[in-house]
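Biologist: Could you take me through a close look at one strand, and then show me how the rest is arranged around that part? I'm new to this, so please explain the terms as you go.

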Amino acid sequence: MEEKKTMPLIGDQFPEFEVTTTKGKMKLPEAFKGQWFILFSHPADFTPVCTTEFVAFQRRYDEFQDLNTELIGLSIDQVFSHLKWEEWIENNLGDKIEYPIIADGTGRVAKEIGLLHTASETATVRAVFIVDPESKVRAILYYPSELGRNMDEILRMIKGLQKADKENVAIPANWPNNEVVGSNVIVPPANSAEEIELRKKQVENGELESFDWWLCHKK
């Protein structure tokens, strides 16, 4: 009996693969060691929603690069199909796709990381894995086939995760336009009497802003 593969979860190491892409063979996650990367799957080449997504990712490619983040797509199509689709996008929409696309003709990679819906063995779901420089899965998004992804939200997630790591803070809803704390970030809640007193002093000194000792925020 074939071993059932399970999708990596948040906090797991991203599985190791050798893949064939439109940019040649690559080893994942080794190829992006020391960088963030976003692996996103799409149901198939030459489909309308996926085409809009690929253009949207490409038009933000420089922004992702500025955040030390690479993009890599995946679907159960052959390299020639990916290349022809890229050619069509460039010729008809004016966007040259700069990031690699994995050709997963046998569905090996899709099965390994849980990208095949139970109703289909031939089309990958619309999924996103955000992976950090230590090759750890930090976020997972799943979209239905009829709904295209929000690239600005994915950019926001990268910015938020990087800021959370750098400053040991949490990121509020809709950041940087949160309804409660604006563009500020959340300081982790105090978990001892000593920390509560420290929080109060930090508020008095103007280091933090506070609604209460358990809800402090800062610029």
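Modeller: Let's start with one pairing: Ile38 has Leu71, in strand 4, as its bridge partner. Before going on, two notes on what you're looking at. This is a predicted model, with residues numbered from 1 along each chain as its sequence is written, and local features need pLDDT of at least 70, while side-chain atom pairs count only at pLDDT 80 or more. Totals for chains, interfaces and linings use all residues, and side-chain values use heavy atoms, leaving out hydrogens and water.

Ile38 belongs to strand 3, so that's our close-up. Strand 3 covers residues 36-41. (Helices are DSSP runs of H or I with at least four residues, strands are runs of E with at least two, and both are numbered from the N terminus.) Six of the six residues in strand 3 are buried, where buried means under 20% relative accessible area, exposed means over 50%, and partly exposed is in between, using a 1.4 Å probe and protein chains only. In a regular strand, side chains alternate between the two faces of the sheet. Here, Trp36, Ile38 and Phe40 sit on one side, with Phe37, Leu39 and Ser41 on the other. Both faces of the strand are covered.

Now look at the neighbours. Strand 4 (residues 69-75) runs parallel to strand 3, and six bridges join them. Strand 6 (residues 126-131) pairs with strand 3 in the antiparallel sense, over four bridges. (Two strands count as paired if DSSP finds at least two bridges between them.) In that second pairing, Leu39 stands opposite Phe129 of strand 6.

Zoom out a little. Strand 3 is part of an open sheet of seven strands with mixed pairing, in the order 2-1-5-4-3-6-7. Strand 2 and strand 7 are the edge strands, each pairing on one side only. On average, neighbouring strands of this sheet are turned by 30° against each other, direction ignored. (Axes are lines fitted to C-alpha atoms, for helices over the stretch in contact, and angles between N-to-C directions run from 0 to 180 degrees.) Elsewhere in the sheet, strand 1 (residues 17-21) runs antiparallel to strand 5, and two bridges join them. Thr20 stands opposite Ala103 in strand 5.

Helix 1 packs on the sheet and touches strand 3, strand 4, strand 5 and strand 6, with its direction at about 25° to that of strand 6. Helix 5 packs on the sheet too, touching strand 3, strand 4, strand 6 and strand 7, and its direction makes about 150° with that of strand 3. (Contact here means heavy atoms within 4.5 Å.)

The loops hold a few details worth a look. Pro29 sits in the loop between strand 2 (24-28) and strand 3, and the peptide bond from Leu28 to Pro29 is cis, with omega near 0°. Another cis peptide bond joins Trp175 and Pro176, with omega about 10°. Pro176 is in the loop between helix 5 (151-167) and strand 8 (185-187). Asn174 lies in the loop between helix 5 and strand 8, and has a positive phi of about 60° although it is not a glycine. Asn174 is partly exposed, at 45% relative accessibility. Ser135, in the loop between strand 6 and strand 7 (137-143), has a positive phi near 65°, but Ser135 is buried, with a relative accessible area of 5%.

Finally, the charged pairs. Side chains of opposite charge can pair when their charged atoms come close. A salt bridge here is a side-chain nitrogen of Lys or Arg within 4 Å of a carboxyl oxygen of Asp or Glu, and the whole structure has 10 of them. In one, the closest N and O atoms of Arg59 and Asp95 are 2.8 Å apart. Arg59 is in helix 1 (residues 48-59) and Asp95 is in the loop between helix 3 (79-93) and strand 5 (101-103), so this pair ties together parts 36 residues apart in sequence. Arg59 is exposed at 57% relative accessibility, whereas Asp95 is buried at 9%. In another salt bridge, between Asp132 and Arg138, the closest N and O atoms are 3.3 Å apart. Glu53, Arg126 and Arg149 are linked in a network of salt bridges.
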